[in-house]
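User: Hello! I am new to this structure and would like a close look at one part of it. Could you pick a residue in the interior, walk me through its surroundings, and then show me how that part fits into the rest?

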Amino acid sequence: MVFLISLILTALLIASGRNFLKKHAAVCYVLAAAISAAVVVCTATGASAAFPAWVRSWIWPIFARSALSTALFAAVMYAGAVPNGSKLMKAVMPIRGELSIIASILTLGHNISFGLTYFRLLFTQPDCLPVNQLLAAICSLVMLCIMLPLFITSFKCVRKKMKGSSWKKLQRLAYGFYALIYIHVLLLTLPGAQKGNGSYLLTVVVYSVVFLTYGALRVRKALQKQSAAVRRIPTVAAVCAMILVICAAAGPRSADSQPANGQEQSQEEVSGQEDAAKTAESNETAGETSENGSEEEVSAEDEAETPANSGNTNAPAEPAKQPEQETQKPANEQPPAEAQKPEETAKPAEPEKPTEPEIVYQYKNGTFSGSGEGFEGTITVNVTIENDKITNISVVSASDDEPYWSESKGIISRIISAQSANVDTVSGATFSSGGILDAVKAALSSAKN
């Protein structure tokens, strides 16, 4: 959604501000540099965490996550891919260099702010990065190596000093740069989309449409002297690639969710059947106990009397006379006692005293503090518990930077929903969300009875 907003802003800039950009390019460069510097400072100091929620959700990512710069690059891309003489080409071509410079300046701010974390990890602790983030960081470094020469040679003063042929050869590196942008985005968003995150899935769809369509147009333009059948190949290939990428993003989630639902339903049905069976069995058992209790008692007496009256096989047939015949046989007095035991055990009016284990709570009531190690330092949280239920989790202090801190706080709602700290970390904020999990586990540990 943020990328769509950035595309709209880019279209408005080109439509209404291209004359100003052409005449006052230096002013626009300074403004872009100021925005990049602000992104780096706010990220490094964590000041962006104090922004209102709507700013963090809709304004900040436009600049901090390089959405606007990517949209500007998209305009530059399409200006060279659309047919010659088209309206888009006429509107963008005169300011193509200026747009590239502004996009590069904004991209530098993004790379510096995120590089404070991910580039440092890439060179010092690569094993700590998930595979997708490790590859994304490497991808960013390669993009920087390509972008910097393109950025410098986009200034007219530099371009004039170069041979036209040399400049054109260098600019062809832009194709690889655009492809790496798309790969970089997929590396960071596909895992989240596969886990069911709708915003990540939308990002995958929008970037796929924009970049794969560009690829088809660019190759089609290069094949303009070929037959119509050959020129259709890039379009078909782009459509197939879009379908494959979108299915890869959405498929695993739907495949996982359907069996899960089916399993839940079958488990509910099975549990219902088991409950019904147990109820029927308990009713039948109770009925059999009441109807056949005397028979069971008699058989118990038989077993008890057999050693003492081995020759008296008719003794069980007269159970009522046995107490009158001999009082010396304790076995005759025990059966009534034993006969009462089934009533006492059958009278477990307290099988429902499994309510007592619920009264003995696992955790104390109250608010408990715990700490865990995030990416930049210690994270401390307060966990409020009432009758073994986690009712609230609040972050007391944290040192982690904003690029991943805002996302990591989503782990709190997962913990409260699951009523457990055994949940997955947030993709893209592994270390910060892991620190919150460790802090919650520490608080729960201190709250145990």
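Analyst:

**A close look at Tyr178**

Let's begin with Tyr178, which is found in helix 11. Please keep in mind as we go that this is a predicted model.

Is Tyr178 buried or exposed? Its relative accessible area is 7%, and the cut-off for buried is under 20%, so Tyr178 counts as buried.

Which residues does Tyr178 touch, once neighbours up to four places away in sequence are set aside? They are Phe73, Val76, Met77, Phe211 and Tyr214. You can also look from Tyr178 towards Met147: the two are 31 residues apart in sequence, and their C-alpha atoms are 9.9 Å apart in space.

**The core around it**

Tyr178 also belongs to a bigger group. The largest nonpolar core holds 65 residues, and Tyr178 is listed with Leu99, Ile102 and Phe177 as having the most contacts inside it. Helix 4 supplies the largest share of this core, with 12 residues. As a general point, nonpolar side chains in soluble globular proteins tend to be buried together. There is also a second, separate core, made of 22 residues, with Ile385, Leu437, Ala443 and Ala447 among them.

**A pocket to explore**

Val76, which we met as a contact of Tyr178, turns up again in the second largest pocket. Which residues lie nearest the centre of this pocket? Val76 is one of them, together with Arg96, Ser100, Trp167 and Gln171, and the whole lining has 35 residues. The elements that each give two or more residues to this lining include helix 4 (67–81), helix 10 (164–171), helix 11 (173–194) and helix 12 (198–222). Helix 11 is the home of Tyr178. Helix 6 gives the most to the lining, with six residues.

How much space lies in the second largest pocket? The volume is about 810 Å³. By type, the lining residues divide into 19 nonpolar, seven polar and nine charged.

**Stepping back to the chain**

Now for the wider view. The chain contains 19 helices and three strands. Of its 449 residues, 36% are buried, and Tyr178 is one of the buried ones. Taking contacts between residues at least 6 apart in sequence, 62% join residues at least 24 apart.

What does a search of the whole structure find in the way of disulfides? The count is zero. Two cysteines make a nice exercise in reading accessibility. Cys28 has a relative accessibility of 15%, so it counts as buried. Cys240, at 39%, counts as partly exposed.

**Two loop residues worth a stop**

Finally, let's visit two loops. Asn387 sits in the loop between strand 2 (378–386) and strand 3 (389–397). This residue has a positive phi of about 55°, although it is not a glycine. With a relative accessibility of 38%, Asn387 counts as partly exposed.

Gln419 lies in the loop between helix 18 (410–418) and helix 19 (430–447). Its phi is positive too, at about 55°, and Gln419 is not a glycine. Its relative accessibility is 31%, so Gln419 counts as partly exposed.

Conventions: Residues are numbered from 1 along each chain as its sequence is written. This is a predicted model: local features need pLDDT of at least 70, side-chain atom pairs count only at pLDDT 80 or more; totals for chains, interfaces and linings use all residues. Side-chain values use heavy atoms; hydrogens and water are left out. A disulfide is a pair of cysteine sulfur atoms within 2.5 Å. Buried means under 20% relative accessible area, exposed over 50%, partly exposed in between (1.4 Å probe, protein chains only). On a 1 Å grid over the protein atoms alone, a cavity is a set of points where a 1.4 Å probe fits but cannot get out, and a pocket is an open set with protein on both sides within 12 Å along at least five of seven lines; lining residues have an atom within 4 Å of a point. Grid points are joined across faces, edges and corners, and a volume is the space filled by probe spheres set on the points. Helices (H or I, at least four residues) and strands (E, at least two) are DSSP runs, numbered from the N terminus. Ala, Val, Leu, Ile, Met, Phe, Trp, Tyr, Cys and Pro count as nonpolar, Asp, Glu, Lys and Arg as charged, and the others, Gly among them, as polar. A nonpolar core is a set of buried Ala, Val, Leu, Ile, Met, Phe, Trp, Tyr and Cys residues joined through side-chain atoms within 4.5 Å. Contact means heavy atoms within 4.5 Å.
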